[in-house]
Amino acid sequence: MKRNIIALIYDFDKTLTDKDMQDYGFIPSLGMTPEDFWRDCNNMAHEKKMDGILAMMYFMIERARGKSVLTADTLKELGKDVNYYPGVTEWFDAVNEYGNSKGVVIEHYIISSGLKKIIEGTEIAKNFREIFASEFVYDEYGVPYWPAVALNYTSKIQFLYRINKGIFDVSDDKNLNDSMEERNRRIPFCNMIYIGDGLSDVPCMKMMKAYGGYSIAVYQKKDAKVEDLLQRGRVDYIYPADYSENSGLDNTVKNIIQKMAISETLYREYSKQKHEINN
């Protein structure tokens, strides 16, 4: 177990960005408004009794049929249109530097129901150790024809285990489900911080609290739903989605990192003393 690694894990849409990734470029390319697209998509999911994420992926393929706006390459290009909350683009280097000053390594991960290809095309993609997100199967022309991976709010949990065990190949279910001793796991749950934006992240947030990690909900505008997450103990902290230096979010994440670093120092001292006694 690499106790000196701390994992910062993010949802993407409305956690790092101010709206859903499809809203920036893909939906306008169809000649639709985001409101119309999501209303029709949600209505279809309800009528057909489909999983919401699978419905979204199917709806994207159907609405893009014959328009040449939905390929692996065009999706990556759409990543360039994404807008971020304040401080996001500077956040990763700053947090990495802070972790280094405390003697720990910071790794960043995405667990998103959005599309992996779009995230891979963003300017911040290079900062992530792994991007776990919904993905299509593409034909020889790069055109999607089937979902390869679909992450809904409950299936996101498996990717916390993948980070914990260091099993990043999404097709590798055997090793993921095999028993693994705690000491052989790559990053303990108590060294994880999950940052999301709302109800779709609640299972991951609750799991963090249950296993000794931390969860933070960010918001554009505080409302009763956000406050309810804190009141019901579903999340540890709530903050405006401002990643700038000395913001509430920035200060709290750094304080958590400092606490985790201190725990690591104490653990190393305990291990050293135990080793001396046994030898």
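1. Buried here means under 20% relative accessible area. In this predicted model, S134 has 0% relative accessibility and therefore counts as buried. The residue sits in strand β3, which covers residues 128-138.

2. The S134 side chain has two polar partners to note. One is the backbone oxygen of S113, at 2.9 Å; another is the backbone nitrogen of L151, at 3.2 Å. Beyond sequence neighbours within four places, the contacts of S134 include S112, G114, K116, V149 and A150, and also I53 and M57.

3. I53 and M57 lead to helix α4, residues 52-64. Both are buried, as are A55, M56, F59, M60, I61 and A64 of that helix. An α-helix has 3.6 residues a turn, so residues three or four places apart point the same way.

4. The geometry of α4 is as expected: 13 residues at 1.5 Å a residue should span 18 Å, and the end C-alpha atoms are 18 Å apart, so the two agree. At the N-terminal end, D51 acts as a cap, with a side-chain oxygen 3.0 Å from the backbone nitrogen of I53. Just after the helix, G66 adopts a positive phi of about 80 degrees.

5. The largest nonpolar core has 64 residues, and within it Y10, F26 and Y243 touch the most other members. Helix α4 gives the most to this core, eight residues. F26 is in contact with M60 and A64, and also with F37, V69, L70 and L78, leaving aside neighbours within four places in sequence.

6. A second, separate core has 27 residues, among them I111, L151, V202 and I238. L151 is also the residue whose backbone nitrogen the S134 side chain reaches.

Key. Residues numbered from 1 in each chain as written. Predicted model: local features only at pLDDT ≥ 70, side-chain atom pairs only at ≥ 80, totals over all residues. Heavy atoms only, no water. Helix = DSSP H or I, 4+ residues; strand = E, 2+ residues; numbered from the N terminus. Buried < 20%, exposed > 50% of the residue type's maximum accessible area, 1.4 Å probe, protein only. Polar contact = N/O pair within 3.5 Å; in protein donor to acceptor, adjacent residues only side chain to side chain. Contact = heavy atoms within 4.5 Å. Core = buried A, V, L, I, M, F, W, Y, C linked by side-chain atoms within 4.5 Å. Expected span 1.5 Å × (residues − 1).
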